Amino acid sequence: ELNIEAAAMGEVRVELQDQEGRTINGFAAADCDRIMCNDVAHRVHWHGSDDIDSLRGRPVRLQLTLRSAKLYAFQFVSS
């Protein structure tokens, strides 16, 4: 979940990477559904799904791409 604020033409995308910084298949920024809103608990989706259970227990890196947007906080939550 993200606590974000996106301006009228702003957007946010999230990419998940392995511990070496390689993009995890299916979780690239290009796979992330565009986030164009203001929300205190916005669930991130890749191709319409927020399921990241396949990554449970694995170290991951987040790469966030923001355009005319602000990130205040993020957290991993259970479905």
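**Reading the sheet, the aromatic pair and the patch**

Mentor: In this predicted model, strand 1 and strand 3 run antiparallel and are joined by 12 bridges.

Trainee: What makes strand 1 and strand 3 a pair?

Mentor: Two strands pair if DSSP finds at least two bridges between them, and here 12 bridges join strand 1 to strand 3, so the two count as paired. Within these strands, Asn3 stands opposite Ala73 of strand 3.

Trainee: What is the order of the strands in the open sheet, and why is one side of strand 2 and of strand 3 left without a neighbour?

Mentor: The three strands have the order 2-1-3, with antiparallel pairing; strand 2 and strand 3 stand at the edges and have a single partner strand each, so one side of each lacks a neighbour in the sheet. From one strand to the next, the twist averages 20 degrees.

Trainee: Why is the aromatic pair of Phe27 and Trp46 called edge-to-face?

Mentor: A search of the whole structure finds one aromatic pair. The ring centres of Phe27 and Trp46 are 5.1 Å apart, which is within the 6.5 Å cut-off, and the 75 degrees between their planes is over 60, so the pair is edge-to-face. The two residues are 19 residues apart, Phe27 in the loop between strand 1 and strand 2, Trp46 in the loop between strand 2 and strand 3.

Trainee: How do you know whether Phe27 and Trp46 are buried or exposed?

Mentor: Phe27 has 9% relative accessibility and Trp46 has 7%; both values are under 20%, so both residues count as buried.

Trainee: Why is Leu71 called partly exposed?

Mentor: Leu71, in strand 3, has a relative accessible area of 33%, which lies between 20% and 50%, so it is partly exposed. Leu71 also helps to make a nonpolar surface patch of about 370 Å², together with Leu66, Phe74 and Phe76.

Notes
Residues numbered from 1 in each chain as written. Predicted model: local features only at pLDDT ≥ 70, side-chain atom pairs only at ≥ 80, totals over all residues. Heavy atoms only, no water. Patch = residues over 30% accessible without salt bridge, like charges linked within 9 Å, V, L, I, M, F, W, Y side chains within 5 Å. Areas by Shrake-Rupley, 256 points an atom, 1.4 Å probe, with all protein chains shown as cover. Salt bridge = Lys/Arg side-chain N within 4 Å of Asp/Glu carboxyl O. Helix = DSSP H or I, 4+ residues; strand = E, 2+ residues; numbered from the N terminus. Buried < 20%, exposed > 50% of the residue type's maximum accessible area, 1.4 Å probe, protein only. Phe/Tyr/Trp six-rings, centres within 6.5 Å; stacked < 30°, edge-to-face > 60°. Axes fitted to C-alpha atoms, helices over the stretch in contact; angles between N-to-C directions.
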